[in-house]
Each structure stands twice: as C-alpha cells, then as structure tokens.
Amino acid sequence: MSETLIMTAYLERLAEAVGHRLLKRQALLATAESCTGGWIAQVVTSVPGSSAWFDRGFVTYSNRAKQEMLGVSPAALGVHGAVSGPVVAEMVMGALRNSQARYALAVSGIAGPGGGSEDKPVGTVYLAWARRDLAPLVQCRQFAGNREEIRRQTVLLALEQLIDLLDADG
C-alpha cells in the first residue's frame, strides 16, 4: 500500500473519530480554511453520515473572502497579515458566528513553494480551534516538505487537535 493511501486512510479514520465525538455531543462542526483550500472539509465529508455533524466549510483563500465570509477585520489583516494568530482566531470565531456549529477550526498558512519571508517562511501555519462559549486555542507550526506535504500535515494536526479538544470536553 502506498504512503499516500495509508495517509488518506488515516485522515479518514480521524474524521470518523471527530464525527463519533460530535454525534455523542449532538454538536456540529464548521471549518474555515485558507492554505488547505477545503481539504479538511473534503476529508470530513468523505465520512458517510457526516451531514449529521458537519454544518459547513468556508474556503477563504483571499483576504477579501476572510473579511466578507468570516468578518475578519481589515485591521488584523493589515497589522498581522493573513498568516497570523490574530487572523486565524478571527477566522475560527467567524466560522462559529456564521454557522450553527458548536465547534470550529481554522487554518491559514504558507504552503509554498513561494510566498514565504524571513519572519514567516514557507511551512508556517497558524491553526485555531474553538467551542462556541470559549476563547479560541491558537497554535503556530512550522511544517517541512513540499506544498502537498505541508497542507497534509496541516489537515492532520487540525483533526488531531480537534479530537483532543472534544475529548477534553468530556
């Protein structure tokens, strides 16, 4: 079995685990994605029956889309840039505000091969998770690899940490 097929199967198992936990809580999930371009929502919706626990996904690749669809402030984008903790925090809260979901996750990063800088090299990704009544949890990660590998690692971490958040909720 190829490494890609193994990883795809693992991502699908993670999505099934997310769904199981959300169903148990009778809760919905929303996603807000930039650098992954909807990959998280694709993995989640590959699970049969996911409509019972997945509300919607926002693919907000441009700054304008982040503002229009999620309510990300122009000030946050101007001061911090799209790939930043403050922006990903606003993205995850915007996903909650604009959905029926109780839980949301958001990602924004530089998958490459270009677009990086000294402060934010290729592979820099910010992720955020939130529950409707809690402040978001934000992480910055530096991933290695090519564009697809960086994006895959982002999807993987987003789902793994969501499971941790759901488990912490009991």
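The backbone oxygen of Tyr-61 lies 3.2 Å from a polar atom of the side chain of Lys-66. That's a fun place to start looking around this structure, which is a predicted model.

**A buried lysine**

Lys-66 is found in helix α3, residues 63-70. What is unusual to look at here is its charge: which side chain of opposite charge is nearest to Lys-66? The nearest one is Glu-33, 11 Å away, and Lys-66 has no salt bridge even though it is buried. Leaving out residues up to four places away in sequence, Lys-66 still touches quite a list, including Ser-34, Thr-60, Leu-77, Val-87, Met-91 and Ser-108.

**Helix α5**

Two of those contacts of Lys-66, Val-87 and Met-91, also appear among the buried residues of α5. Others on that buried list are Gly-85, Val-88, Ala-89 and Leu-96. At the start of α5, a side-chain oxygen of Ser-84 comes to within 3.3 Å of the backbone nitrogen of Val-87.

**Helix α6 and the nonpolar cores**

Now for α6, which can be set beside α5 in a table.

| Helix | Residues in helix | First to last C-alpha | Expected at 1.5 Å a residue |
|---|---|---|---|
| α5 | 13 residues | 18 Å | 18 Å |
| α6 | 22 residues | 32 Å | 32 Å |

Where do the buried residues of α6 pack? They sit against α1, β1, α2, β3, β4 and β5. Among these buried residues are Arg-152, Thr-154, Val-155, Leu-159 and Leu-162. As for spacing, an α-helix has 3.6 residues a turn, so residues three or four places apart point the same way.

The largest nonpolar core has 34 residues, and Leu-11, Val-18, Leu-22, Leu-29, Ile-40, Leu-159 and Leu-162 touch the most other members. At least two residues each come from α1, α2, β3, β4 and α6, with α6 giving the most, ten residues. Val-18 shows what this looks like up close: setting aside residues up to four places away in sequence, Val-18 touches Leu-29, Trp-53, Leu-159, Leu-162, Ile-163 and Leu-166. There is also a second, separate core of 22 residues, which includes Ala-30, Val-87, Ala-104 and Ala-128.

**Either end of α6**

Just before the helix, Asn-146 lies in the loop between β5 and α6. One of its side-chain oxygens reaches to within 3.1 Å of the backbone nitrogen of Glu-148, at the start of α6. Is Asn-146 buried, exposed or partly exposed? Asn-146 counts as partly exposed because its relative accessibility is 42%. Its C-alpha is 9.2 Å from that of Val-122, which is 24 residues apart from it along the chain. Just after α6, Gly-170 takes a positive phi of about 85°.

**Three loop residues worth a look**

Thr-36 lies in the loop between β1 and α2. With 0% relative accessibility, Thr-36 counts as buried. Leaving aside neighbours within four places in sequence, Thr-36 is in contact with Val-107, Arg-151, Thr-154 and Val-155.

Most residues other than glycine have a negative phi, and most peptide bonds are trans. Gln-26 has a phi near 50°, a positive value in a residue other than glycine. Gln-26 is in the loop between α1 and β1, and at 74% relative accessibility Gln-26 counts as exposed. Pro-113, placed in the loop between β3 and β4, is joined to Gly-112 by a cis peptide bond with omega near 10°.

How values were computed. Residues are numbered from 1 along each chain as its sequence is written. This is a predicted model: local features need pLDDT of at least 70, side-chain atom pairs count only at pLDDT 80 or more; totals for chains, interfaces and linings use all residues. Side-chain values use heavy atoms; hydrogens and water are left out. A nonpolar core is a set of buried Ala, Val, Leu, Ile, Met, Phe, Trp, Tyr and Cys residues joined through side-chain atoms within 4.5 Å. Buried means under 20% relative accessible area, exposed over 50%, partly exposed in between (1.4 Å probe, protein chains only). Helices (H or I, at least four residues) and strands (E, at least two) are DSSP runs, numbered from the N terminus. Contact means heavy atoms within 4.5 Å. The expected span of a helix is 1.5 Å times one less than its number of residues. A polar contact is a pair of N or O atoms within 3.5 Å; within protein, one must be able to donate a hydrogen and the other to accept it, and residues adjacent in sequence count only if both atoms are side-chain atoms. Lys and Arg count as positive and Asp and Glu as negative; His and the chain ends are not counted. A salt bridge is a side-chain nitrogen of Lys or Arg within 4 Å of a carboxyl oxygen of Asp or Glu.
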